[in-house]
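Subject: The structure we talked about

Hi there,

Here is the structure I promised to pass on to you. Have it open beside this email and look up each part as you read.

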Amino acid sequence: MCGIVGYLGKREKKELLLDGLQELEYRGYDSAGIAIIEDDQLNNFKAVGKLANLREKTKDFHSEGFGISIGHTRWATHGKPTELNAHPHLGQYSYVVHNGIIENYQDLKAELQNDGISFLSQTDTETIVHLFEKYNKISSTPFEAFAKTIERLHGAFATLLITEAAPDTIFFAKNGSPMLIGFDADEVYFASSDTPIIGKATQVYYLEDGEYGYAKSGEVKLFDAKGARAIQKQPLATDKAMAQKDGYRFFMEKEIYEQSSVISDTMIGRVRDKEIYFEELDSAFFEGINAIKICACGTSYHAALTSGYLFERLAKIRCDVEIASEFRYKEPLLDPSTLFVTISQSGETADTLEALKMAKRAGLKSLSICNVDNSSIVRESDAVILTRAGIEKGVASTKAFATQAMVLWMLSVYLAQKRQTMSDEAKAIEITAMLQTPKSLLVTEELHGKLHRLSKRYLHGHGFFFIGRDIFYPLALEGALKLKEISYLHAEGYPAGEMKHGPIALADSKLFTIALMPKTVHYDKIKSNVEELSARDATILAISPEPFTLADDFIQTIYASHPMLEFFEMMVVTQILALEIAVRLGNDVDMPRNLAKSVTVE
Ligand code: F6R
């Protein structure tokens with residue numbers, strides 16, 4: 001989410017920054033900007049939309065000679081994608097770029113406004129530059145002011161700051177969000193990942209959380225809470241395609257592994273002080289609402305189905321979930337006291353967009369849960385909650401689904417708060433579990449290795465049934481969808497209790513059953529359903545914390561305290577299983593046949 005570049009040296013800076021940002025555009029592309037100080041002369045450009053707009057705007061500008069420069073491509077979190085909200089943000093004589101979220105920005109902003117400082121943007125980032133200039137008035141050096149500034153920031157940040165008060169220096173800090181420093185002779189580069197500097201820098205240092213410092217005259221000084229630190233440079237990779245995937249074989253694989261960290265981005269600022277907050281929702285947003293209707297397609301529909309259980313159970317509000325392409329033509333009865341929710345990774349899915357327009361025409365209030373700000377569905381909705389998964393390149397959705405499920409879980413608890421349907425103790429259980437989610441999403445080497453070995457037994461047969469109950473039923477649907485998308489094998493998701501009503505007729509040793517057997521939800525019931533299949537000789541892969549003697553294969557998950565923690569852990573297992581089967585079959589995992597990332601046709 002958001003990409004940062006910086007450069008100190010003699011090269012032409014504009015092209016270098018723009019090329020670097022191009023490599024990071026996958027991290028966000030709703031606006032971009034650059035700031036350059038050369039011969040004590042400051043230049044700054046910003047443009048809304050893709051980087052091409054910034055290129056066009058800067059086409060007559062060239063920089064020459066030694067100078068310092070920073071650039072940013074934005075994925076909006078606070079404030080709409082406008083030029084004022086685009087980075088770099090200006091104080092009186094300094095510029096800052098930032099990736100992450102400053103959780104205490106409202107307190108800092110209030111403090112600065114009390115001091116008489118006016119803000120131009122709605123962003124959390126602008127507080128950094130004003131805070132720096134405030135401290136610079138009372139510090140002996142700009143670096144001392146920068147260090148004092150960093151000390152005041154809570155949350156995730158990777159930030160670069162340049163100032164006319166030190167026109168040969170770039171200040172940097174990292175905590176939570178990625179940033180690295182590249183080196184080549186007396187040139188210094190900064191970037192959110194290594195692709196922008198491959199072919200330019202020869203050595204690299206990956207900053208650790210809590211590190212900060214400055215680059216000046218080709219030298220970098222590094223500090224952390226304990227004081228000055230030595231920099232352990234390492235050689236920089238030279239293969240750009242490989243670097244984009246951070247060493248993973250496929251984008252989908254990288255995105256599966258990323259889930260553990262992006263889920264924290266989804267929660268930042270929203271899960272705090274034992275409460276759920278959605279600053280993007282007006283406090284009166286749910287007034288007059290007594291039911292929820294959710295429309296979505298594919299994977300997003302599966303996330304919606306999961307939340308159907310959560311809204312009714314936690315917030316005691318009726319919730320219907322429909323496939324958008326069915327909803328459009330069923331002549332639905334719509335009541336203005338129903339909130340119409342759309343869920344979409346891309347924000348461009350034609351059926352979901354048209355369903356939303358229909359609901360609006362019927363006078364319903366609308367909310368979208370989306371990963372792409374400023375997309376058609378977002379623009380069409382009354383309110384939006386962004387999932388903050390970052391750009392997903394693999395066509396088969398993974399981290400977008402995880403973050404959708406997380407937002408919907410948070411929203412159910414948020415609504416339970418509003419409707420007072422949950423005791424403080426029950427809410428504390430939900431929130432404690434949410435904060436443990438990143439751990440449930442971690443992929444261990446042992447798990448991946450086991451799924452790799454086991455996958456060779458699942459390359460043939462006459463099909464897969466993924467079965468589960470309750471919220472594990474939509475997860476079964478999603479597991480089956482993932483497998484069929486990338487392996488091209490036939491797979492179905494079923495509620496476990498439905499098998500005996502027909503599908504069990506297919507059971508034999510060549511029917512592979514992937515059984516989701518959580519310990520926190522109806523364990524005994526699903527166990528009986530799986531036993532029925534086993535008695536008919538179906539091949540069973542059981543995923544459960546509880547050892548299951550009838551399983552042909554068994555993946556043991558941890559005994560978790562909350563169903564959603566089991567949900568996320570089992571989700572990862574099904575994603576990696578699908579990936580490993582597809583790899584063994586030699587398929588193009590990232591771009592499976594017949595599919596597209598954004599389905600803009602009916
Ligand atoms: C499957 C997948 C699709 C999408 C569906 C809706 O991996 O990604 O099923 O979920 O096409 O797309 P969005 O979420 O963009 O509306």
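Let's start with a pair of strands: β23 (residues 463–468) and β25 run parallel to each other, joined by five bridges. Please keep in mind throughout that this is a predicted model. In this first pairing, phenylalanine 466 sits opposite isoleucine 514 of β25.

**Around strand β25**

β25 has a second partner too: strand β26 (residues 539–544) pairs with β25 over five bridges, again in the parallel sense. If you look for leucine 516, you will find that its bridge partner in β26 is isoleucine 543. Between these two strands comes a helix, and β25, helix α16 (residues 523–535) and β26 together make a right-handed β-α-β unit.

How many of the residues of β25 are buried? Six of the six, residues 511–516, so the strand is largely enclosed by the rest of the structure. In a regular strand, side chains alternate between the two faces of the sheet. In β25 both faces are covered: Leu511, Thr513 and Ala515 are buried on one side, and Phe512, Ile514 and Leu516 are buried on the other.

**A hairpin, and one more strand**

Now move to strand β9 (residues 180–184), where four of the five residues are buried. β9 pairs with strand β10 (residues 187–191) in the antiparallel sense, over five bridges. Aspartate 184 has glutamate 187 of β10 as its bridge partner. The two strands form a hairpin with two residues between them, and alanine 185 in that turn has a positive phi of about 45°.

β9 also runs antiparallel to strand β11 (residues 203–206), with four bridges joining them. There, phenylalanine 183 stands opposite glutamine 203 of β11.

**Three helices**

Helix α1 covers residues 13–24, and its length is a nice check to try yourself. At 1.5 Å a residue, its twelve residues should span 16 Å, and the C-alpha atoms at its ends are 17 Å apart, which agrees. Is α1 largely enclosed or not? Nine of its twelve residues are buried, so α1 is largely enclosed by the rest of the structure. Among those buried residues are several leucines, including Leu16, Leu17, Leu18, Leu21 and Leu24, but also the charged residues Lys13, Lys14 and Glu23. At the N-terminal end, glutamate 12 caps the helix, with a side-chain oxygen 3.3 Å from the backbone nitrogen of lysine 14.

Helix α8 (residues 298–315) has 18 residues and reaches 25 Å from its first C-alpha to its last, close to the expected 26 Å. α8 is mostly covered, with 14 of its 18 residues buried. Just after this helix, lysine 316 takes a positive phi of about 50°.

In helix α5 (residues 142–152), have a look at phenylalanine 146. Phenylalanine 146 is buried, with a relative accessible area of 0%. Its C-alpha lies 5.7 Å from that of phenylalanine 132, although 14 residues separate the two in sequence.

**The ligand**

Which residues are closest to the ligand? Of the 15 residues that surround it, the closest are Ser300, Ser344, Gln345, Ser346 and Thr349. Some of the polar contacts are easy to find. Threonine 299 brings a polar backbone atom to 3.1 Å from an oxygen atom of the ligand. Serine 346 has a polar side-chain atom 2.7 Å from a ligand oxygen, and for threonine 349 a polar side-chain atom is 2.4 Å from a ligand oxygen.

**The cysteines**

How many disulfides does a search of the whole structure find? The search finds zero. Cysteine 2 is in no disulfide, and the nearest cysteine sulfur, in cysteine 370, is 16 Å away. Cysteine 2 counts as buried because its relative accessibility is 7%, under the 20% cut-off.

Why is cysteine 297 not bonded to cysteine 295? The sulfur of cysteine 295 is the closest cysteine sulfur to that of cysteine 297, but at 8.2 Å it is too far for a bond, since a disulfide needs the two sulfurs within 2.5 Å. Cysteine 297 has a relative accessibility of 22%, so it counts as partly exposed.

Happy exploring, and do write back if anything is unclear!

Best wishes

Technical notes
Residues numbered from 1 in each chain as written. Predicted model: local features only at pLDDT ≥ 70, side-chain atom pairs only at ≥ 80, totals over all residues. Heavy atoms only, no water. Buried < 20%, exposed > 50% of the residue type's maximum accessible area, 1.4 Å probe, protein only. Pairing = 2+ DSSP bridges. Right-handed = clockwise from strand over helix to strand, strands pointing away. Expected span 1.5 Å × (residues − 1). Polar contact = N/O pair within 3.5 Å; in protein donor to acceptor, adjacent residues only side chain to side chain. Near = heavy atom within 4 Å.
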